[in-house]
Amino acid sequence: MAAIRLTMAQALVAAMAAQRTVIDGQNQPLFAGVWAIFGHGNVAGLGEALYAARDRLPTLRAHNEQAMAHAAIAFAKASRRRRMMAVTSSIGPGATNMVTAAAVAHVNRLPVLLLPGDVFAGRRPDPVLQQIEDFGDGTVSANDCFRPVSRYFDRITRPEQIMPAFERAMQVLTDPAECGPVTLALCQDVQTEAYEYPDWFFAERIWQPRRARPDETELAQAVALLKAARRPLVVAGGGVLYSEAEGDLAAFCTAHGMPAAETQAGKSALPHDHPLNLGAIGVTGTGAANDAARQVDLVLAIGTRLQDFTTGSRSLFADPACRIVGLNTQIFDAGKHRAQPLVADAKAGLVELDAALQGWAAPASWTEQAKNGRTSWLETAARYTAAGNETLPSDAEVIGAVQRRSLPSDVVLCAAGGLPGELHKLWQPGAPGGYHMEYGYSCMGYEIAGGLGVKLADPAREVVVMVGDGSYLMMNSEIATSVMSGAKLIIVVLDNRGFGCINRLQNATGGAPFNNLLRDARHEILPAIDFAAHAAAMGAIARKVAGITELEAALDEARRHDRTSVVVIDTDPLRSTDAGGHWWDVAVPEVSDRTEVEAARRNYVEALVRRKY
């Protein structure tokens, strides 16, 4: 066994460059690149190592550490977790900026390798610039903030430690059940220290998705429950897409007459025009999906976390006898809500379920009812997305305009606020992966950086980012990065002059309009923010439009442009799609001097009894 003398940083970079995957028969690097903002904690060690390997492992620069990590996370999601990226920062604020993004990856089960610089292991400069000092624990650094939001965390305090740490990191990053963010905190002196590394550490390794097959007993129990069901419903989550099982799901629903609904992460898992696709489910669900969910006696939950928006805070599946079969790679998710677990890869599990159910189908009356519900919902949705005559269009009317000017291959991307709810109900994706939503952590600021990551993952597809003015103001710097890198985006900014979604929620819980819309916040003067001029200052082609007709024309122009375009439109902060949807548990105060809050509390208490444990 030969030994190679390298610094720890050089060894890590060489090992990363050696990791490979095979997609559609093509051998590709597993790590597509490293996002980096350098500082004193990583520039001399990791920065020098990345420079030397820049032809094998590209380094990308952005303007905000959280945004870099968002872009890496979106890249992994758009790549269906088959490829990923790493992100490095200095110690201090650069590192803690990434903690929010780590939580995004953790909640959404997405792989990203975080490489923050850390304090000196040797403690010669103590405290070093930006070091957090714990008066009672000398081992603590700012990077300990990553522990609760990492699937695996390690601090490298000796150069040889990188070998077992990287091996464990790769196992987590590529495991379908454990997948999530990994943090390797790199002490800055150790990055530069040399060690005689064995050559096996740098050997090419190919990572392929593990497809766990279901246990025979669990499979038999799931089949028995399905065969006994009279009103079954599939709930498709993001795991269907990560498993590349969308074709298997469509065939399964067709063969067995089972309608299906989609979570935020699972939307586009079924073709929009599939006759049994009832669309979005839950708090932001369609009338068709939620009407079916209230009646079901069996839910086949595939690749979903069954979070509260999906289950209507445990009140949507109203039949007391309703059972859940949880088909999931992760037992933690498969067993939620006292489900019958079916621990398996979504694709492998569907194939074996289909074979075991050969000849069985849901009652024809149930299948027909679902199809009729779908037809009725599409007619309802069309009324909300049609161009209206109001001075300020609704979010739904803007969505309708974007939909009419889109191509089947387009990807629409969004994150927090009211837009994800409207898109979940109303958007009609043309192809798998055409709907990209960060709604697990509901992180404002993900949108533009996420769009950049999606474009890097799939340059042939047009990426349309829809973002509200509030989220735009939180994080917009990667417009400049998209222009610099030639990663063209179409960004639609919906300006309702504040946080319109939370303002509506505040009103719905009896609260007075307060501190959400700019006009309801303390102010001396209301700002007249020129979003188009701001975006143009970062190099984008930008314009503001006055209505739906101008918006559609601007979208056509943006498609012809060769760089990022930003289109701004004023919207109504109060109107939203009141069809479909379901109750969501948002606690209302028991005591208030406002009659509106007292009334909302009475309604809340009445709703609580519908929750099902």
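# Cysteines, salt bridges and a pocket in a predicted model

Cys443 is buried, with a relative accessible area of 6%. This residue belongs to a predicted model, and its surroundings are a starting point for the cysteines.

The sulfur of Cys443 has its closest cysteine sulfur in Cys414, 12 Å away, which is too far for a bond. Cys179 is also buried, at 2% relative accessible area. For Cys179 the closest cysteine sulfur is that of Cys443, at 18 Å, again too far for a bond. A disulfide needs two cysteine sulfur atoms within 2.5 Å, and the count of disulfides comes to zero.

Salt bridges are present, and the structure holds 32 of them. Side chains of opposite charge can pair when their charged atoms come close. Three of these pairs are set out below.

| Pair | Closest N to O distance |
|---|---|
| Arg210 and Asp175 | 2.4 Å |
| Arg559 and Asp410 | 2.7 Å |
| Lys488 and Glu462 | 3.5 Å |

The salt bridge between Arg210 and Asp175 links distant parts of the chain, 35 residues apart. Arg210 sits in the loop between strand S11 (205–206) and helix H8 (216–228), while Asp175 is in the loop between helix H6 (162–174) and strand S9 (181–187). Arg210 is partly exposed at 46% relative accessibility, whereas Asp175 is buried at 15%.

In the salt bridge of Arg559 with Asp410, the partners are 149 residues apart. Arg559 belongs to helix H23 (residues 548–560), and Asp410 to the loop between helix H16 (395–404) and strand S18 (411–414). Here Arg559 is partly exposed, at 24% relative accessibility, and Asp410 is buried, at 5%.

Lys488 and Glu462 form a salt bridge that ties together parts 26 residues apart in sequence, because Lys488 lies in the loop between helix H20 (478–485) and strand S21 (490–495) and Glu462 in the loop between H18 and strand S20 (463–468). Both Lys488 and Glu462 are buried. Elsewhere, a network of salt bridges links Arg82, Arg211, Glu244 and Asp345.

The second largest pocket holds about 530 Å³ of space. Its lining has 25 residues, with Lys77, Ala78, Ser79, Arg80 and Asp458 nearest the centre. At least two lining residues come from each of helix H3 (65–78), helix H9 (238–242), strand S19 (435–437) and helix H18 (446–457). By class, twelve residues of this lining are nonpolar, five polar and eight charged.

Helix H1 (residues 8–18) is mostly covered, with ten of its eleven residues buried. Among them are Met8, Leu12, Val13 and Met16.

Terms used: Residues numbered from 1 in each chain as written. Predicted model: local features only at pLDDT ≥ 70, side-chain atom pairs only at ≥ 80, totals over all residues. Heavy atoms only, no water. 1 Å grid on protein atoms, 1.4 Å probe; cavity = no way out; pocket = protein on both sides within 12 Å on 5 of 7 lines; lining within 4 Å. Points joined across faces, edges and corners; volume = space filled by probe spheres on them. Helix = DSSP H or I, 4+ residues; strand = E, 2+ residues; numbered from the N terminus. Nonpolar A, V, L, I, M, F, W, Y, C, P; charged D, E, K, R; others polar. Buried < 20%, exposed > 50% of the residue type's maximum accessible area, 1.4 Å probe, protein only. Salt bridge = Lys/Arg side-chain N within 4 Å of Asp/Glu carboxyl O.
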